[in-house]
Amino acid sequence: MPREHYLNATYGIRSWLLTTDHKRIALLYLISVTFFFFVGGTFATMIRIHLLTPKGLLVTPETYNKLFTMHGVAMIFFFLIPSIPAVLGNFLLPIMIGAKDLAFPKINLLSWYIYLLGGSFVLYSFSTGGLDTGWTFYTPLSSVYSNSAVTPAVLGVFINGFSSILTGLNFIVTVHTMRAPGMTWFRLPLFVWSQYATSIIFILGTPVIAITLLLAGLERMFHLGFFNPQLGGDPILFQHLFWFYSHPAVYIMILPAMGVISEIIPTFARKPIFGYSFIAGSSIAIAVIGFFVWAHHMFLTGESTYAALTFSLLSYLVAIPSAVKVFNWTSTLYKGSISYDTPMLYALGFIGLFLIGGLTGLFLACLGLDIHLHDTYFVIAHFHYIMVGGAVMGYVGGLHYWWPKITGKLYPEFLARIAAIILFLGFNLTFFPQFILGYLGMPRRYASYPPEFQVLNVMSTAGASILALGYLLPMIYLTWSMRYGEVAGPNPWPGTGLEWQTPSPPPTENFDVTPEVTWEPYDYDNRPDLGLETKGAPSLAHGDD
Amino acid sequence: MHRTGELFGQYKTLEQQRETASLGMWIFLSTEVLFFGGLFMTYTLNRSTYPDVFSEASKTIRLSLGAINTVVLIASSLTMALSVWASQAGKKKLLPVFLIATLILGCVFLGIKGVEYHDKYVEHHIPGWNFSFEPSSDVATNAHTQLFFSLYFGMTGLHALHMIVGAGLLIWLIKESLRGRFTPEYNTPVENIGLYWHFVDIVWIFLFPLLYLIDRH
Amino acid sequence: MICTALTVAAAEVDLNQYFAGLNIIVALTIAVFKASCVVLFFMHAKYSPGRTQLVIVASVFWLAIMLFMTMSDYLTRRWI
């Protein structure tokens with residue numbers, strides 16, 4: 001008799017569409033965000049093909065504006081922001097803290113439906129005239145002059161914001177009130193800390209973009225004047241309000257990925273993580289300080305010099321907690337017993353690529369340099385290093401790491417390692433040339449460029465095709481493994497968190513008996529239950545608690 | 001729908017369930033603070049840019065109606081707080097009375113708002129809809145006063161929308177309290193909807209001076 | 001609680017006489033006082049666990065960041 005778990009506990013489409021099980025909701029999100037990844041990826045492909053020649057190969061400049069806009073909107077709002085929180089966070093958070101489900105399971109399901117509703121409006125906008133304002137919706141282009149389908153798009157993003165807010169709310173309340181006995185704050189896995197920090201940003205930032213886009217939409221519909229200079233309004237106000245959310249949004253995208261890395265590294269270095277409390281604290285610090293830096297996107301708008309100085313300084317400050325994390329991860333690797341399984345390859349790739357992306361952010365935060373680099377391909381390369389080289393690699397690495405837990409199956413390891421390497425190489429070939437292009441002055445969002453930039457653009461497109469292969473391969477073999485993969489035990493790696501103490505896949509209530517936590521996180525030396533050779537004599541204090 | 005006082009699957013105690021619901025509502029309210037906050041930001045900037053225009057435009061909305069509404073809303077917060085008390089003290093007969101009083105006061109508020117909006121319609125002060133403004137003294141152009149009115153309608157409109165939702169929630173509460181559903185052990189919906197209602201009141205407490213009390217002399 | 005209703009009346013009567021920029025400060029101070037009464041007593045914030053109070057403080061603080069730092073851009077533009 002096959003064992004009962006969350007996947008086979010109930011059958012039928014209604015049991016999935018009306019589920020309140022956080023694990024099933026996570027899989028529903030997995031399917032939807034992957035769909036939007038394809039949507040955004042299709043536009044990216046068209047952009048890269050178009051840029052093969054200096055005059056542009058594929059489309060008119062007006063259409064090109066639509067391509068990069070729709071690529072940005074789909075990827076940022078409907079893939080990157082939900083990805084790790086709604087897929088991995090939803091699945092793992094309750095299990096990692098020893099709970100049966102999130103605090104508000106029905107609200108969890110509601111947030112998925114809200115996501116779908118928002119996504120539908122945006123898809124409607126894409127298919128009825130598209131969107132050409134840039135994902136940043138700057139006014140008065142978006143609120144007055146654009147002839148594209150701005151209103152449904154703005155409405156869709158507005159609605160989608162509530163999906164994020166509800167997820168964040170659910171996570172914060174869950175971490176506060178649903179932890180198992182013995183699971184104190186400082187025994188929480190770092191992934192949970194990162195989700196908590198991300199949720200703070202969801203709660204405090206998302207409402208601001210909601211009201212801002214609402215106002216821009218109302219302005220468009222009723223010819224109001226908030227952001228229209230002809231009516232006495234101020235486009236810079238829009239930018240302030242927009243970036244108040246959108247800068248912390250980038251931390252929404254990276255903090256969860258950092259949490260994934262903090263889980264993977266100790267497991268595959270077989271060592272406790274170095275500086276646990278610093279990593280936990282730096283997550284909160286990034287979330288908080290990240291709200292103070294938004295106007296570094298506006299250095300060239302004519303904002304006051306004093307404001308520019310303040311925001312520049314604060315932007316340098318926000319790099320510090322990120323650096324703390326990188327130092328701690330690297331220190332964890334030192335004298336660790338490292339194995340190069342696929343998740344570890346993604347984690348190592350993350351560290352390198354995030355480092356480059358983060359450091360180039362400092363270039364941009366420097367006022368003098370930003371004058372030259374603003375709105376060039378340097379910016380594009382910078383944020384893709386972090387969002388793709390960082391966040392997406394964290395997402396894919398996390399999917400691999402927890403795949404055995406989610407599906408009960410192992411993916412094909414050899415093929416997976418090859419795919420990881422292909423992805424890494426393809427990524428660098430795509431985006432490194434863009435740093436050079438930006439430095440040489442190629443502007444972003446332009447449908448054509450001077451002929452001397454062609455070689456680098458062709459390299460970038462070639463890299464993009466390799467990158468695409470690097471994404472396609474996991475999609476194929478992960479799906480394949482669900483049916484044909486080797487059966488995974490409860491703890492294939494082994495990892496030390498609570499999620500590895502339940503069967504793979506877990507039963508619907510996660511734990512047959514509520515666990516009681518008596519051990520510190522990542523404590524490989526003191527976990528005889530993991531069946532590892534311990535380095536020294538086990539400490540007597542643990543196990544007697 | 002769960003029955004009175006029943007434990008949901010993932011909770012261990014009623015106390016945990018109650019704490020969770022309360023924390024959830026407070027966090028939701030904090031998102032609302034930031035949501036309205038964007039409007040307050042827009043207001044702040046525009047008022048500091050066009051102080052005279054705002055002053056002129058503000059004179060055309062009736063202070064008396066605004067003041068009455070403020071008293072009405074604070075009174076409704078009082079009756080709401082009393083209903084929470086009633087539910088905690090087990091006063092099952094008194095609870096619907098206070099809830100109905102709150103609802104009535106809320107409807108009075110919305111009614112007065114309706115009167116105000118009608119006034120604005122008659123005077124052609126609705127932006128984007130035959131807007132025309134004759135200032136009482138020599139002030140800036142039509143466009144800038146439109147900004148004030150856009151904010152006026154935007155902020156009070158969003159507030160009114162929240163009140164309508166609150167009224168709907170109150171109707172549900174009244175219905176359930178008449179069925180005797182709330183006891184001292186289980187009055188979480190009363191408390192949490194109360195929190196929401198008080199929040200809506202607080203938004204108005206700030207809207208009133210900002211919109212109605214600009215330099216009247 | 002009745003005093004909050006009285007403060008409303010007091011607010012409009014007094015403010016009719018002030019001229020200078022003090023007007024808005026007084027009005028907002030009264031508003032903050034009223035709102036604090038509602039939060040502390042009607043919403044039982046005074047008797048709530050610490051984390052609830054943290055949520056309240058955090059949301060007000062974040063609103064303040066938005067208002068303060070944005071206005072600091074506009075207000076300091078003429079300085080250099």
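Student: In this predicted model, why are H10(A) and H11(A) called roughly antiparallel to each other?

Tutor: Start with the angle. Helix H10 (residues 305-333) of chain A and helix H11 (residues 342-365) of chain A pack at about 165 degrees, with their axes 10 Å apart. Angles over 145 degrees count as roughly antiparallel, so H10(A) and H11(A) earn that name. H10(A) also passes H11(A) in a left-handed crossing.

Student: Which residues make the contact between H10(A) and H11(A)?

Tutor: From H10(A) come A:Ser312, A:Ser315, A:Tyr316, A:Ala319, A:Ser322, A:Val326 and A:Trp329. H11(A) answers with A:Ile351, A:Leu355, A:Gly358, A:Gly361, A:Leu362 and A:Ala365. Sorted by class, this contact has 8 nonpolar residues, 5 polar ones and no charged ones.

Student: What makes H7(A) and H8(A) roughly antiparallel?

Tutor: You can use the same test here. Helix H7 (residues 190-222) of chain A meets helix H8 (residues 235-269) of chain A at an angle of about 160 degrees, and their axes are 8 Å apart. The cut-off for roughly antiparallel is over 145 degrees, and therefore the label fits H7(A) and H8(A). Their crossing is left-handed. In their contact we find 22 nonpolar, 9 polar and 1 charged residues.

Student: What is notable about phi of A:His223, and where is the residue placed?

Tutor: A:His223 sits in the loop between H7 and H8 of chain A. Its phi is near 55 degrees, a positive value in a residue other than glycine.

Student: How do you know how H1(B) and H6(B) are oriented to each other?

Tutor: Look at the angle once more. The axes of H1(B) and helix H6 (residues 188-212) of chain B cross at roughly 15 degrees and come within 10 Å. Angles under 35 degrees count as roughly parallel, so H1(B) and H6(B) are roughly parallel to each other. H1(B) passes H6(B) in a right-handed crossing. Among the residues that meet are B:Trp26, B:Phe36 and B:Tyr43 in H1(B), and B:Leu195, B:Phe199 and B:Leu210 in H6(B). This contact has 11 nonpolar, 3 polar and 3 charged residues.

Student: Which helix gives the most to the side of chain B that touches chain A?

Tutor: The contact takes 27 residues from chain B and 31 residues from chain A. Two helices of chain B, H1 (14-49) and H5 (142-178), each supply at least two residues of that side. H1(B) gives the most, with 17 residues. The side of chain B that touches chain A divides into 12 nonpolar, 14 polar and 1 charged residues.

Student: How many residues do chain C and chain A bring to their contact?

Tutor: Chain C brings 11 residues and chain A brings 13 residues. On the chain C side there are 5 nonpolar, 3 polar and 3 charged residues.

Student: Why is chain A called as compact as a globular protein of its length?

Tutor: Chain A has 15 helices and 2 strands. Its radius of gyration is 23 Å, close to the 24 Å that the globule rule gives for 545 residues, so chain A is as compact as a globular protein of that length. Along its principal axes, the C-alpha trace of chain A spans about 70 × 45 × 45 Å.

Student: Which peptide bonds before A:Pro494 and A:Pro505 are we looking at, and are they cis or trans?

Tutor: The bond joining A:Trp493 and A:Pro494 is cis, with omega about -10 degrees. The bond from A:Ser504 to A:Pro505 is cis too, with omega near -10 degrees. A:Pro494 is found in the segment after strand S2 (486-487) of chain A, and A:Pro505 lies in the segment after S2 of chain A.

Student: Where in chain A does pLDDT stay under 50?

Tutor: Chain A averages a pLDDT of 92, and 97% of its residues score at least 70. Over residues 534-545 of chain A, though, pLDDT stays under 50. Where pLDDT is low, predicted coordinates should not be read in detail.

Student: Where is confidence lowest and highest in chain C?

Tutor: Chain C averages a pLDDT of 80, with 72% of the residues scoring at least 70. Confidence is lowest in helix H1 (residues 2-15) of chain C, at a mean of 66, and highest in helix H3 (residues 50-75) of chain C, at 91. For the complex, the predictor gives an ipTM of 0.89 and a pTM of 0.92.

Technical notes:
Residues numbered from 1 in each chain as written. Chains lettered and ligands numbered in written order. Predicted model: local features only at pLDDT ≥ 70, side-chain atom pairs only at ≥ 80, totals over all residues. Contact = placed C-beta atoms within 7 Å. Helix = DSSP H or I, 4+ residues; strand = E, 2+ residues; numbered from the N terminus. Nonpolar A, V, L, I, M, F, W, Y, C, P; charged D, E, K, R; others polar. pLDDT = per-residue confidence, 0-100. Axes fitted to C-alpha atoms, helices over the stretch in contact; angles between N-to-C directions. Parallel < 35°, antiparallel > 145°, perpendicular 65-115°, else oblique. Left-handed = near helix turned anticlockwise from the far one by under 90°. Rg over C-alpha atoms; globule rule 2.2 N^0.38 Å.
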